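The following exercises are to be worked with the sequence and the model at hand. Each task is followed by a solution in steps.

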Amino acid sequence: MKSTTIAGLAREGGVGVETVRYYQRRGLLDTPERANTYGLGGGVRRYGDEDVRKLRFIRSAQAAGFTLEEISELITLDATDDRARALEIANERITALDAKIAELEAARTSLKRLAHHCSHTHEGPCPILTAFEH
């Protein structure tokens, strides 16, 4: 098992150090004890492979659209191997993503229609500009 500093953990996870600290404050990542410096004080916290794995999991789950609350629950479920609840959370996220996709597609359709009208009418204000006045 390798050992790294918080900066190394952040680098391997593709985030900043403050993001790691934020995840620690939210309880998503553990904050390890400072290494013993034999009475000199102020030892460095060391992170291992499991911390890197968990950080990458958090980032991947965020990219999939999960909230930090859902990610926290998924991390807990990982320890208990509760597949049924993990599947339920994933299906809820899929439903939410489908709704967001439908919303974005409707917005795209409306904007395409406005752009078409703008490019084909040459009198009066551009329909794109007047559409957002109300």
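**Exercise 1. Establish the order of the secondary-structure elements and the overall dimensions of the chain.**

Solution. From the N terminus on, the elements run α-α-α-α-α-α. The chain thus has six helices and zero strands, where helices (H or I, at least four residues) and strands (E, at least two) are DSSP runs numbered from the N terminus. This is a predicted model, in which local features need pLDDT of at least 70 and side-chain atom pairs count only at pLDDT 80 or more, while totals for chains, interfaces and linings use all residues. Residues are numbered from 1 along each chain as its sequence is written, and side-chain values use heavy atoms, with hydrogens and water left out.

Next, consider the dimensions. The C-alpha trace spans about 80 × 40 × 25 Å along its principal axes. The radius of gyration of the chain is 23 Å, whereas a compact globule of 134 residues would have one near 14 Å; the radius is taken over C-alpha atoms, and the globule rule is 2.2 Å times the number of residues to the power 0.38.

**Exercise 2. Determine how much of the chain is buried and how its contacts are distributed in sequence.**

Solution. Buried residues make up 25% of the 134 residues; buried means under 20% relative accessible area, exposed over 50%, and partly exposed in between (1.4 Å probe, protein chains only). Turning to contacts (heavy atoms within 4.5 Å), take those with a separation of 6 or more: residues 24 or more positions apart account for 47% of them.

**Exercise 3. Locate Thr-4 and describe its surroundings.**

Solution. Thr-4 lies in the segment before helix H1 (6-13). With a relative accessible area of 12%, Thr-4 is buried. Not counting residues up to four places away in sequence, Thr-4 touches Leu-9, Arg-45, Arg-46 and Tyr-47.

**Exercise 4. Identify the disulfide and state its handedness.**

Solution. A disulfide is a covalent bond between the sulfur atoms of two cysteines. Here the criterion is a pair of cysteine sulfur atoms within 2.5 Å, and the count by this rule comes to one. The disulfide joins Cys-118 to Cys-126, with an S to S distance of 2.4 Å. The torsion about this S-S bond is about -125°, so the disulfide is left-handed. As to the exposure of its two partners, Cys-118 is partly exposed at a relative accessible area of 26%, whereas Cys-126 is buried at 19%.
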